[in-house]
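Let's look through this model together, with a few questions along the way. Here it is.

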Amino acid sequence: MKDITQFFRAKEKGEKLTLISTYDYWSAKLCEESGIDAILVGDSLGMVFQGNDSTLPVSLEEMIYHTKAVRKGAPNTFIIVDMPFMSYHTTVEEAVKNAGKVIKETSANAVKVEGASDLVLEITQRLTSIGIPVMGHLGLTPQFINIFGGYKVQGKTEESQSKILQQAKDLENAGAFSVVLEAVPSKLAKDITQTLKIPTVGIGAGKYTDGQILVFHDLIGLFEKTPKFVKRYLESGKLIKQALVKYKDEVKNGQFPGEEHSY
Ligand code: KIV
């Protein structure tokens with residue numbers, strides 16, 4: 001079973017961490033079989049799996065449902081679960097109750113929260129103190145979409161760079177075991193990575209972070225468009241469409257099922 005110590009060891013040894021965000025049994029199984037270091041059950045499932053235009057509608061129950069499937073597919077992988085919008089935004093008590101429910105019901109190993117408000121820092125401290133590791137998430141934090149006014153690169157001005165650097169330090173001091181840096185300039189991600197003792201995990205943050213994370217569906221090229229920071233390692237969308245069209249044609253023209261598929 002991979003555990004949290006791999007994060008610290010990787011940083012110490014200068015070895016890169018590989019993470020994938022995914023939401024179901026079969027993709028989690030493929031990740032584990034490929035030796036991916038950790039899986040995030042990201043609330044990006046609200047967009048990628050459910051077809052919403054933001055992550056905001058995702059519920060705690062939905063995160064639990066998907067994480068149970070991921071755990072079955074990846075029984076030996078370190079699993080982090082995104083705390084969805086409004087599951088940790090009212091009080092520390094509610095956040096603790098909700099994070100506890102996620103861990104108890106899914107056997108995931110850690111949770112992720114976005115931002116570094118006073119409340120998030122307190123939650124990070126409390127969760128860590130009761131044995132729930134917390135991953136932070138800074139830069140383009142999708143739960144703040146209505147404040148940012150779109151999915152835009154963050155940390156472009158000196159002022160916002162200092163703010164994000166300070167937030168990263170605050171999260172580390174509050175006990176976070178790692179921080180995701182999303183859509184920020186490489187130079188900022190490098191500075192944060194060199195400043196923190198805990199590992200940084202980048203997505204659209206350049207090559208200097210301690211690890212990288214991509215959404216499974218982006219990496220395999222399932223959809224026509226992907227953000228600039230994604231490398232499409234496969235054009236699975238095209239291949240799947242070709243297979244579906246071939247199936248349709250073969251059923252229509254009587255080629256499928258053949259004798260070899262019949263009893
Ligand atoms: O929800 C998610 O998948 C994420 C990653 C992209 C970091 O937060």
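Q: How much area do domain 1 and domain 2 bury between them, and what share of it is on carbon and sulfur atoms?
A: A word on the ground rules: this is a predicted model, where local features need pLDDT of at least 70, side-chain atom pairs count only at pLDDT 80 or more, and totals for chains, interfaces and linings use all residues. Residues are numbered from 1 along each chain as its sequence is written, and side-chain values use heavy atoms, with hydrogens and water left out. Buried area is the accessible area (1.4 Å probe) that two parts lose on being put together, summed over both. For domain 1 and domain 2 that comes to about 260 Å², and the share on carbon and sulfur atoms is 38%.

Q: Which three residues supply 85% of the area that domain 1 buries against domain 2?
A: Domain 1 spans 5-232 and domain 2 spans 236-263, with bounds from an automatic or database domain assignment. No other three residues of domain 1 supply more of its buried area than I220, L222 and E224.

Q: Which side chain meets K241 in a salt bridge?
A: A salt bridge here is a side-chain nitrogen of Lys or Arg within 4 Å of a carboxyl oxygen of Asp or Glu. The rule finds 1 across the interface of domain 1 and domain 2. At 3.6 Å, N to O, the partner of K241 is E224.

Q: How far apart do the C-alpha centres of domain 1 and domain 2 lie?
A: In contact terms (heavy atoms within 4.5 Å), 4 residues of domain 1 touch 4 residues of domain 2. The distance between their C-alpha centres is 39 Å.
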